[in-house]
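Q: Please take a close look at the aromatic ring pairs of this model and at the residues around them. A connected account, with the geometry set out step by step, would be most useful.

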Amino acid sequence: MATDLSRQVKAEIIEHIASDTGVTALVPASRIYAMTPPSSPSWPFIRYGSPITTAYDATCWDGSSFRVTLHAFAETTTSYAGEDRALDIAASIVEAMKTFAPASLGIIENEWIGTQCVRDSAEADQWHSWCEFRITVVEAA
């Protein structure tokens, strides 16, 4: 029977990217949030998006499949264009997720689907990129 592992996956992904030096070189670990960042977060920051979770059932395995989105928010600085900064953060997340293998879960699939970058608001210097992943996990034996 399938098992909803949404909370565990969210916690493991946040912990994983917050401990990755490539990511934290661009965004401090203290600015990597779950689905609800503070009301006025300091930029740049990363937010775990609302996942789409479905059942995963296989012989002798109980788990969940996810479409996970990780959002990166960045502003233009005197030496760094906002869109480039947002894309660099997204690229660092993609690289970090290549090694996502939590001990508490068995990874069946971990695939990067794609990245997109758009202006975040009417402000010309605020940018938002997101990268999406298809992840299937089972309870560790």
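A: A residue counts as buried when its relative accessible area is under 20%, as exposed when that area is over 50%, and as partly exposed in between. Tyr-33, at 16% relative accessibility, is therefore buried. The model is a predicted one, and the values below are computed from it.

The position of Tyr-33 is in strand E1. Not counting residues up to four places away in sequence, Tyr-33 touches Ile-14, Pro-38, Pro-41, Phe-45, Ile-46, Arg-47 and Tyr-48. Glu-83, by contrast, lies 50 residues from Tyr-33 in sequence, and the two C-alpha atoms are 20 Å apart in space.

Two quantities serve to describe a pair of aromatic rings: the distance of the centres and the angle of the planes. Over the whole structure, a search finds 4 aromatic pairs. In one of them, Tyr-33 and Phe-45, the ring centres are 6.0 Å apart and the planes stand at 65 degrees; planes over 60 degrees apart count as edge-to-face, so this pair is edge-to-face. The pair connects distant parts of the chain, with Tyr-33 in strand E1 (residues 32-33) and Phe-45 in strand E2 (residues 45-48), 12 residues apart.

Phe-45 has a relative accessibility of 5% and is therefore buried. Its ring also pairs with that of Phe-73: the centres are 4.4 Å apart and the planes meet at 15 degrees, so the pair is stacked, the cut-off for stacking being planes under 30 degrees apart. This second pair likewise links distant parts of the chain, Phe-45 in strand E2 and Phe-73 in strand E4 (residues 61-75), with their positions 28 residues apart in sequence. Both Phe-45 and Phe-73 are buried. Taken together, ring pairs join Tyr-33, Trp-43, Phe-45 and Phe-73 into a cluster.

Trp-43, a member of that cluster, also takes part in a cis peptide bond, which joins Trp-43 to Pro-44 with omega at about -5 degrees. As a general point, most peptide bonds are trans. Pro-44 itself belongs to the loop between E1 and E2.

The surroundings of Trp-43 can be followed through two further residues. Gln-126 is in strand E6 (residues 126-139) and has a relative accessible area of 15%, so Gln-126 is buried. Leaving aside neighbours within four places in sequence, Gln-126 is in contact with Trp-43, Ala-74, Glu-75, Arg-119, Asp-120 and Ser-121. The C-alpha atoms of Gln-126 and Arg-85 are separated by 10.0 Å, although their positions lie 41 residues apart along the chain.

Glu-75, one of the contacts of Gln-126, is located in strand E4. With a relative accessible area of 26%, Glu-75 is partly exposed. With neighbours within four places in sequence left aside, its contacts are Trp-43, Tyr-80, Gly-82, Arg-85, Asp-125 and Gln-126. Trp-43 is thus in contact with Gln-126 and with Glu-75. Glu-95 is 20 residues from Glu-75 in sequence and 22 Å away in space, C-alpha to C-alpha.

For a further point of reference, one may turn to Ile-108 in strand E5 (residues 105-119). Ile-108 has 35% relative accessibility and is therefore partly exposed. Leaving aside neighbours within four places in sequence, Ile-108 contacts Tyr-56, Trp-61, Thr-136 and Val-138. Its C-alpha atom is separated by 35 Å from that of Gly-82, 26 residues away along the chain.

The setting of these residues is the chain as a whole. The chain has 3 helices and 6 strands, and from the N terminus its elements follow the order α-α-β-β-β-β-α-β-β. Its radius of gyration is 16 Å, close to the 14 Å that the globule rule gives for 141 residues, so the chain is as compact as a globular protein of that length. Along the principal axes, the C-alpha atoms fill a box of roughly 55 × 25 × 25 Å. Of the 141 residues, 39% are buried. Among contacts with a separation of 6 or more, 60% are between residues 24 or more positions apart. The accessible surface comes to about 7400 Å², and carbon and sulfur atoms account for 51% of it. Finally, the chain carries 9 positive and 18 negative charges, whose mean positions are 4 Å apart.

Technical notes: Residues are numbered from 1 along each chain as its sequence is written. This is a predicted model: local features need pLDDT of at least 70, side-chain atom pairs count only at pLDDT 80 or more; totals for chains, interfaces and linings use all residues. Side-chain values use heavy atoms; hydrogens and water are left out. Rings of Phe, Tyr and Trp (its six-membered ring) pair if their centres lie within 6.5 Å; planes under 30 degrees apart count as stacked, over 60 as edge-to-face and the rest as tilted. Helices (H or I, at least four residues) and strands (E, at least two) are DSSP runs, numbered from the N terminus. Buried means under 20% relative accessible area, exposed over 50%, partly exposed in between (1.4 Å probe, protein chains only). The radius of gyration is taken over C-alpha atoms; the globule rule is 2.2 Å times the number of residues to the power 0.38. Contact means heavy atoms within 4.5 Å. Accessible areas come from the Shrake-Rupley method with a 1.4 Å probe; for residues, only the protein chains shown count as cover. Lys and Arg count as positive and Asp and Glu as negative; His and the chain ends are not counted. The place of a charge is taken as NZ of Lys, CZ of Arg, CG of Asp or CD of Glu.
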